[in-house]
Amino acid sequence: LAPTRVGADGRVMEWLEAYREVDPHHRHTAHLWGLYPGDEISPEATPALAAAARKTLDARGDGGTGWSLAFKLCLWARLGDGNRAFKLLRQQLTPAVADGPRTHWTGGTYPNLFDSGPPFQIDGNFGGAAGIAEMLLQSEAALGPGRPDEIRLLPALPDAWPDGEVRGLRARGGFEVGLKWTRGHLVAATVRSLGGTSARVRYGGRDTNLALKPDETATLDFAPGR
């Protein structure tokens with residue numbers, strides 16, 4: 001595959017050549033696969049590519065339906081922008097309506113919670129759930145022997161969720177994670193081994209290295225002053 005490149009306009013290039021876009025606001029953003037679900041682009045490891053991905057998303061806009069809207073939600077979560085991700089989640093959960101005999105459909109969610117593609121895309125439901133998970137927990141498998149897996153806690157928490165708790169999230173490498181936060185600040189976390197043995201847990205500039213046996217649980221205290 002050709003490497004990800006940044007064009008003269010500062011955006012991630014979609015094609016090998018800089019073609020003029022016929023639809024500048026097209027809802028598809030498949031050329032950002034390296035940001036999500038891949039791990040080629042990240043604000044920490046590749047800030048220049050992350051900035052180009054952000055510019056790409058801004059240029060395409062927040063419009064979309066079904067899986068494409070959920071995909072943008074996941075992309076903004078990977079960029080660490082919880083408020084932008086939450087905006088897209090709100091769009092996805094907006095009540096869907098049909099104008100006339102299925103001649104025009106809007107995006108959003110039907111009363112039965114099916115995602116409007118239109119007319120229906122399960123990809124949107126699964127993608128929306130994946131986006132919520134990415135806002136609360138992100139992880140990377142170890143890049144080589146002897147290196148720990150990496151777990152990032154509350155990487156894209158939006159202002160709209162100041163207090164909360166979640167249990168049973170799965171992290172790459174074989175871990176189960178629980179989180180509790182108050183006033184936008186993580187106060188406690190649990191990491192249980194489902195087969196994983198070592199992990200670097202990251203939150204707010206603090207790194208904690210864990211060594212666990214199968215089914216062993218570590219409890220981390222992030223209360224202010226600790």
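**Exercise 1. An aromatic pair within a helix**

Determine how W67 and F71 are separated along helix α2 in this predicted model, and state which geometry their rings adopt.

*Solution.*
Step 1. W67 and F71 are 4 residues apart in helix α2, so about one helical turn separates them.
Step 2. A search of the whole structure finds 5 aromatic pairs. One of them joins W67 and F71, with 6.4 Å centre to centre and 35° between the planes.
Step 3. Planes under 30 degrees apart would count as stacked and those over 60 as edge-to-face; the W67 and F71 pair is accordingly classed as tilted.
Step 4. The relative accessible area is 31% for W67, which is partly exposed, and 13% for F71, which is buried.
Step 5. Together with Y36, the residues W67 and F71 form one aromatic cluster.

**Exercise 2. A second aromatic pair**

Classify the pair formed by F114 and F120, and decide whether F114 is buried or exposed, wholly or partly.

*Solution.*
Step 1. The ring centres of F114 and F120 lie 4.3 Å apart, with 25° between the planes.
Step 2. The cut-off for stacking is an angle under 30 degrees, and the F114 and F120 pair is stacked.
Step 3. F114 has a relative accessible area of 38% and is partly exposed. F120, at 36% relative accessibility, also counts as partly exposed.

**Exercise 3. The setting of helix α2**

Establish how many residues of α2 are buried, and which elements cover them.

*Solution.*
Step 1. Helix α2 spans residues 66–78, which makes 13 residues. From its first C-alpha to its last it reaches 19 Å, close to the 18 Å expected at 1.5 Å a residue.
Step 2. Of the 13 residues, 12 are buried, so α2 is largely enclosed by the rest of the structure. Among the buried residues are K72 and R78, as well as L69, L73 and W76.
Step 3. The cover over these buried residues includes α1 (47–60), α3 (82–93), β4 (115–116), α4 (122–136) and β5 (137–140).
Step 4. After α2 comes G80, with a positive phi near 80°.

**Exercise 4. S42 and its surroundings**

Locate S42 relative to α1, and identify which backbone nitrogen lies 2.9 Å from a polar atom of its side chain.

*Solution.*
Step 1. S42 belongs to the segment before α1.
Step 2. With a relative accessible area of 11%, S42 is buried.
Step 3. The backbone nitrogen in question is that of A45.
Step 4. With neighbours within four places in sequence left aside, S42 is in contact with P47 and A50.

Conventions: Residues numbered from 1 in each chain as written. Predicted model: local features only at pLDDT ≥ 70, side-chain atom pairs only at ≥ 80, totals over all residues. Heavy atoms only, no water. Helix = DSSP H or I, 4+ residues; strand = E, 2+ residues; numbered from the N terminus. Expected span 1.5 Å × (residues − 1). Buried < 20%, exposed > 50% of the residue type's maximum accessible area, 1.4 Å probe, protein only. Contact = heavy atoms within 4.5 Å. Phe/Tyr/Trp six-rings, centres within 6.5 Å; stacked < 30°, edge-to-face > 60°. Polar contact = N/O pair within 3.5 Å; in protein donor to acceptor, adjacent residues only side chain to side chain.
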